[in-house]
Structure formats: C-alpha cells, structure tokens
Amino acid sequence: MTFQTTPYGWVLRILNLSLLILFPIAWFAPLMRAGLLPLFGLSEISVISGLQSLWGSDVFLALMVTLFALFAPYLKTIGLALLQFGLLDHRTSPVIGYLGKLAMADIFLVALYVVVFKGIGLGKIEIAWGLYLFTGCILASIELSIAQSRLDVTTTTAKA
C-alpha cells in the first residue's frame, strides 16, 4: 500500500483518525437502560460498565468482550491509519480485515443480550444513543477499510 496524497485519501485518513476519538466516547456512552421490573428505575449500561460487571462474575466472557469491544476495533483503526500513512507494510492488510470482523462480533453479542432479556419478559430494556454510536463506529471502520482498499486498487492500476 502506498502513501496516498489524493484529496480522497486525505478524507479517508481524517475519518479514520476521528474514530480514535469516537471509539472511547462510545465505550463510556450508555448502550441501553435496563431494569428488572418496569416499576423500578432503569440502570444505564455502557461497554465499560458492562465489562466491570463481567469481571466479577465471568472472567472468560469479560476477556472476550474486551477483545471484541475494545481491542479489536481500536487496533484495526490504528493499523489502518499506519497503512494510510505508509508506516505499515501492505501485507498486514488481511490481519486488519480480521480485526474488523472480530469487532463486529460485539454488536452481535449486544443484540443477542437484548433479544434474550426482552424475550424473558421480566425486565425492561431501552436502547440508548451509545449503542447507535458504537454500531456506527464499527460500521464506519469497516466502510473506511473497504474504501481504502478501493483507493489502493485504483491507484495501483493507474500507475501500471
């Protein structure tokens, strides 16, 4: 992968670097509000508060969610930035693609929890803005990777 100096390349870099700020915001933002019974108040749950709860009860699941929710998307974003600025070899692109797929697994976990909890009928769950932000960050990261790949193919083809 070569260092792109096109305006489109710069836009992709800026959007990717913005994810380095947006991901931590999404981790602390409320994903949902949940309560055992509709009569009681709802507690806000974020990625970080959910991880804190998991560390006390299920360490393996906490490690998996930490990998999927924190490390995978952030490492993918950093890796893509390094590729965009020519600081990482293009042969690492498949690894960065796999990190993006791991990051999407976390969205599946959250959706599964919401469906199971609502299906039981004992509690109440309200989706909060953080879930949309977190999902948007993951989807934006995937789309930026695809756009960067297209730009690289176009640039390589134009040079040949």
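## Ser141 and its surroundings

Let's start with Ser141, which sits in helix H5. In this predicted model, Ser141 has a relative accessible area of 3%, so with the cut-off for buried at under 20%, Ser141 counts as buried. Who are its contacts? Setting aside residues up to four places away in sequence, Ser141 touches Leu19, Phe23, Lys76 and Thr77. Two of these names, Leu19 and Phe23, come back among the buried residues of H1.

## The chain as a whole

Stepping back, the protein chain comes to 5 helices and 3 strands. Follow the sequence along and you get the pattern α-β-β-α-α-α-β-α. There are 160 residues in the protein chain, and buried ones make up 38% of them.

Contacts often span a good stretch of sequence: take the contacts between residues at least 6 apart, and 66% of them join residues at least 24 apart.

## Helix H1, with a bend in it

H1 runs over residues 7-28. With its 22 residues, H1 reaches 33 Å from first C-alpha to last, close to the 32 Å expected at 1.5 Å a residue. Where does H1 have its kink? Look at Ile21: the kink there is about 30°, and the proline Pro24 follows shortly after.

The buried residues of H1 are Gly9, Leu12, Arg13, Asn16, Leu19, Phe23, Ala26 and Trp27. As a bit of background, an α-helix has 3.6 residues a turn, so residues three or four places apart point the same way. Keep that in mind when you trace the buried set in H1, which includes Leu12, Asn16, Leu19 and Phe23.

Not everything in H1 is tucked away. Ser18 belongs to helix H1 too, but Ser18 is partly exposed, at 28% relative accessible area. Its C-alpha lies 9.6 Å from that of Cys137, although Ser18 and Cys137 are 119 residues apart in sequence.

## The nonpolar core

In soluble globular proteins, nonpolar side chains tend to be buried together. Here, the largest nonpolar core holds 25 residues, and the ones touching the most other members are Phe23, Trp27, Val47, Leu70 and Phe134. Five helices give two or more residues each to this core: H1 (7-28), H2 (47-57), H3 (59-84), H4 (93-120) and H5 (129-159). Which helix gives the most? That's H5, with 7 residues.

Leu70 is a handy place to look around. Beyond residues up to four places away in sequence, Leu70 touches Trp27, Val47, Ile48, Leu51 and Val65. Two of those partners, Trp27 and Val47, are also on the list of core residues that touch the most other members.

## Aromatic pairs

The count of aromatic pairs comes to 3. One of them joins Trp10 and Phe85 in an edge-to-face arrangement, with 6.2 Å centre to centre and 70° between the planes. Trp10 lies in helix H1 while Phe85 is in the loop between H3 and H4, so this pair ties together parts that are 75 residues apart in sequence. Are these two buried or partly exposed? Trp10 is partly exposed, with a relative accessible area of 38%, and Phe85 is partly exposed as well, at 28%.

Trp27 and Tyr74 make another pair: their ring centres are 5.4 Å apart and the planes are at 55°, so this pair is tilted. Distant parts of the chain are linked here too, with Trp27 in helix H1 and Tyr74 in helix H3, 47 residues apart. Trp27 counts as buried at 11% relative accessibility, whereas Tyr74 counts as partly exposed at 25%. Ring pairs link Phe23, Trp27 and Tyr74 into a cluster.

## Arg13 over two rings

Arg13, one of the buried residues in H1, lies over the face of Trp10, at 4.3 Å from the ring centre. Arg13 also lies over the face of Phe85, at 5.1 Å from the ring centre. These are the two rings of the edge-to-face pair.

## Ser43 in a strand

Finally, a look at strand S2 (residues 43-46), where you'll find Ser43. Ser43 is partly exposed, with 45% relative accessible area. Apart from neighbours within four places in sequence, Ser43 is in contact with Met32, Arg33 and Ala34. Ser43 and Glu126 are 83 residues apart in sequence, with 10.0 Å between their C-alpha atoms.

How values were computed
Residues numbered from 1 in each chain as written. Predicted model: local features only at pLDDT ≥ 70, side-chain atom pairs only at ≥ 80, totals over all residues. Heavy atoms only, no water. Core = buried A, V, L, I, M, F, W, Y, C linked by side-chain atoms within 4.5 Å. Buried < 20%, exposed > 50% of the residue type's maximum accessible area, 1.4 Å probe, protein only. Helix = DSSP H or I, 4+ residues; strand = E, 2+ residues; numbered from the N terminus. Contact = heavy atoms within 4.5 Å. Phe/Tyr/Trp six-rings, centres within 6.5 Å; stacked < 30°, edge-to-face > 60°. Lys NZ or Arg CZ within 6 Å of the ring centre and 35° of its normal. Expected span 1.5 Å × (residues − 1). Bend = angle between axes of the 7 residues up to and from the residue.
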